[in-house]
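Good morning, colleagues. I should like to take you through one model, beginning with a pair of helices and ending with some backbone angles.

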Amino acid sequence: MKFRIAIATLFFAGLALCSCNRQKPTDTSTSGMTSLMCDESFENIISQEIDVFEYTYPKASIIPFYVNENEAIDSLISFGTKLIIVPHELSQDKIEYFKSRKRNVRTMRIAVDAIAIIANKNNPIDELSVDELKNILIGKYTNWNDISPNKTGKISVVFDHQGSSTVKYMRDSVTNGQNFGQNVFAQKSNKQVFEVVKERKNAIGIIGVTWLSTDLDGSVANGVKIEDKVKELNQDQVNELQSESNNTFSKEIKVISIRRNDNPIAYKPYQYNIYTGDYPFYRSIYAITTSVNGSLPHGFYSFLTGVISQRIILGTGILPSVIPPRNVTLE
């Protein structure tokens with residue numbers, strides 16, 4: 001973890017040294033060069049946001065590093081970057097640390113994400129309760145036949161990687177801190193989660209819902225061009241994008257419906273079900289910056305809650321920050 005942060009820090013230090021003998025590009029809220037650290041779960045969203053921002057402001061260059069949540073926060077604390085995108089607000093002790101260093105910290109929610117449970121297309125399971133998923137994760141249920149008549153065999157669970165925010169979410173919100181069972185495995189990327197689930201009939205994957213609206217190479221499945229997003233992203237287009245994301249997930253796998261323990265109805269992670277709170281696994285996405293007004297990091301930070309940015313988020317299958325979910329808790 002520290003190695004990757006050190007590499008990022010050295011990279012930007014090198015850029016600064018190389019530019020010493022050249023005229024420094026104007027550093028404003030829409031020009032210059034900066035970096036950001038983003039939780040890997042949100043790469044799909046932020047890569048699109050950067051593309052549109054740089055298309056709109058050609059003199060701006062934003063270099064993202066997609067890391068786990070702890071790496072992003074550590075980079076902010078060590079002043080390796082001035083902008084991070086993570087699924088949690090900073091703790092009070094970290095805020096106090098920045099105050100002691102005379103740094104102002106700004107935080108805003110930019111979206112509401114959902115975590116999806118995916119399965120092989122040939123697995124007959126279509127839905128799970130929150131308790132059933134918990135028992136799978138802690139190793140109480142090790143065979144699909146423990147849940148319902150099912151000849152698929154042993155249950156295998158795959159995450160994107162051991163330190164991901166989806167792992168943390170499931171441990172905090174579903175297993176209540178209990179350790180995962182021996183049937184839970186970590187991969188190295190979201191793409192690998194898809195590949196394992198596609199190949200293994202007994203496997204389920206746990207993944208950010210925006211990855212379900214993309215091809216496995218990470219490109220957006222509906223293929224909307226940057227120019228269209230900037231020039232033609234009106235409400236009719238948003239409705240069309242939302243309709244697609246609400247009714248079509250990747251055809252390579254099956255998305256499992258989830259029901260709360262006190263509810264006989266199971267729901268998939270469609271935008272409307274996230275909005276109503278009927279789908280239980282959702283979390284907020286936050287942009288956090290220590291940058292000053294008029295700087296490029298602050299310019300992009302402000303852009304993330306603008307109209308174009310929020311419409312891009314709406315098109316990815318999750319909720320913009322202006323549409324909060326109902327306040328519900330897991331049973």
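I begin with a helix contact, in which Ile73, Leu76 and Ile77 of α3 meet Lys94, Tyr97 and Phe98 of α4. Sorted by class, the contact of α3 with α4 has 5 nonpolar residues, 1 charged residue and no polar ones. Before going further, I must state that this is a predicted model.

How are two packed helices described in general? By the angle between their axes and the distance between the axes. Here, helix α3, residues 69-77, and helix α4, residues 92-100, pack at an angle of about 20°, and their axes are 11 Å apart. Because angles under 35 degrees count as roughly parallel, α3 is described as roughly parallel to α4.

Let me now place this pair in the whole. The secondary structure of the protein comes to 12 helices and 12 strands. Of its 331 residues, 50% are buried. Among contacts with a separation of 6 or more, 75% are between residues 24 or more positions apart.

I turn to the strands. Strand β1, residues 32-39, and strand β2, residues 60-67, run parallel and are joined by 8 bridges. Between β1 and β2 the chain passes through helix α2, residues 43-56, and this β-α-β crossover is right-handed. Which residue of β2 stands opposite cysteine 38? That residue is tyrosine 66.

β1 also pairs with β3, in the parallel sense, over 2 bridges. Cysteine 38 again serves as a marker, since isoleucine 85 in β3 stands opposite cysteine 38.

Strand β3 comprises residues 83-86. Its pairing with strand β11, residues 282-289, is antiparallel and spans 4 bridges. In that pairing, leucine 83 stands opposite threonine 289 of β11.

In a regular strand, side chains alternate between the two faces of the sheet. Are the faces of β3 covered or open? Both faces are covered. Leu83 and Ile85 are buried on one side, and Ile84 and Val86 are buried on the other.

Arginine 283 takes us further into β11, where this residue lies. Its relative accessibility is 7%, and arginine 283 therefore counts as buried. What surrounds arginine 283? Leaving aside neighbours within four places in sequence, its contacts are Ser41, Phe42, Pro87, Ala111, Val112, Asp113, Ile115, Ser165, Thr166 and Tyr169. One of these, isoleucine 115, is 168 residues from arginine 283 in sequence, yet the two C-alpha atoms are 8.1 Å apart in space.

A second buried position is phenylalanine 194, located in helix α7, residues 190-199. At 2% relative accessibility, phenylalanine 194 is counted as buried. The C-alpha atom of phenylalanine 194 is separated by 9.1 Å from that of alanine 119, although the two residues are 75 apart along the chain.

A third is histidine 161, which is placed in the loop between β6, residues 156-159, and α6, residues 165-173. Is histidine 161 buried or exposed? With buried meaning under 20% relative accessible area, the value of 13% makes histidine 161 buried. Not counting residues up to four places away in sequence, histidine 161 touches Glu40, Asn68, Val167, Ala186, Gln187 and Lys188.

Helix α12, residues 307-315, offers a run of such positions: Ser309, Gln310, Ile312, Ile313, Leu314 and Gly315 are buried there. Just after α12 comes glycine 317, with a positive phi of about 100°.

That brings me to backbone angles. Most residues other than glycine have a negative phi. Lysine 102 is not a glycine, and its phi is positive, near 60°. The place of lysine 102 is in the loop between α4 and β4, residues 106-119. With a relative accessible area of 77%, lysine 102 is exposed.

Asparagine 176 likewise has a positive phi, of about 55°, and is not a glycine. Where is asparagine 176 placed? In the loop between α6 and β7, residues 184-186. Its relative accessible area is 57%, and asparagine 176 is therefore exposed.

In closing, I return to cysteine 38, which stands opposite tyrosine 66 in β2 and opposite isoleucine 85 in β3. I thank you for your attention.

Methods
Residues are numbered from 1 along each chain as its sequence is written. This is a predicted model: local features need pLDDT of at least 70, side-chain atom pairs count only at pLDDT 80 or more; totals for chains, interfaces and linings use all residues. Side-chain values use heavy atoms; hydrogens and water are left out. Buried means under 20% relative accessible area, exposed over 50%, partly exposed in between (1.4 Å probe, protein chains only). Contact means heavy atoms within 4.5 Å. Two strands pair if DSSP finds at least two bridges between them. A crossover is right-handed if, with the strands pointing away from the viewer, the path from the first strand over the helix to the second runs clockwise. Axes are lines fitted to C-alpha atoms, for helices over the stretch in contact, and angles run from 0 to 180 degrees between N-to-C directions. Angles under 35 degrees count as roughly parallel, over 145 as roughly antiparallel, 65 to 115 as roughly perpendicular and the rest as oblique. Ala, Val, Leu, Ile, Met, Phe, Trp, Tyr, Cys and Pro count as nonpolar, Asp, Glu, Lys and Arg as charged, and the others, Gly among them, as polar.
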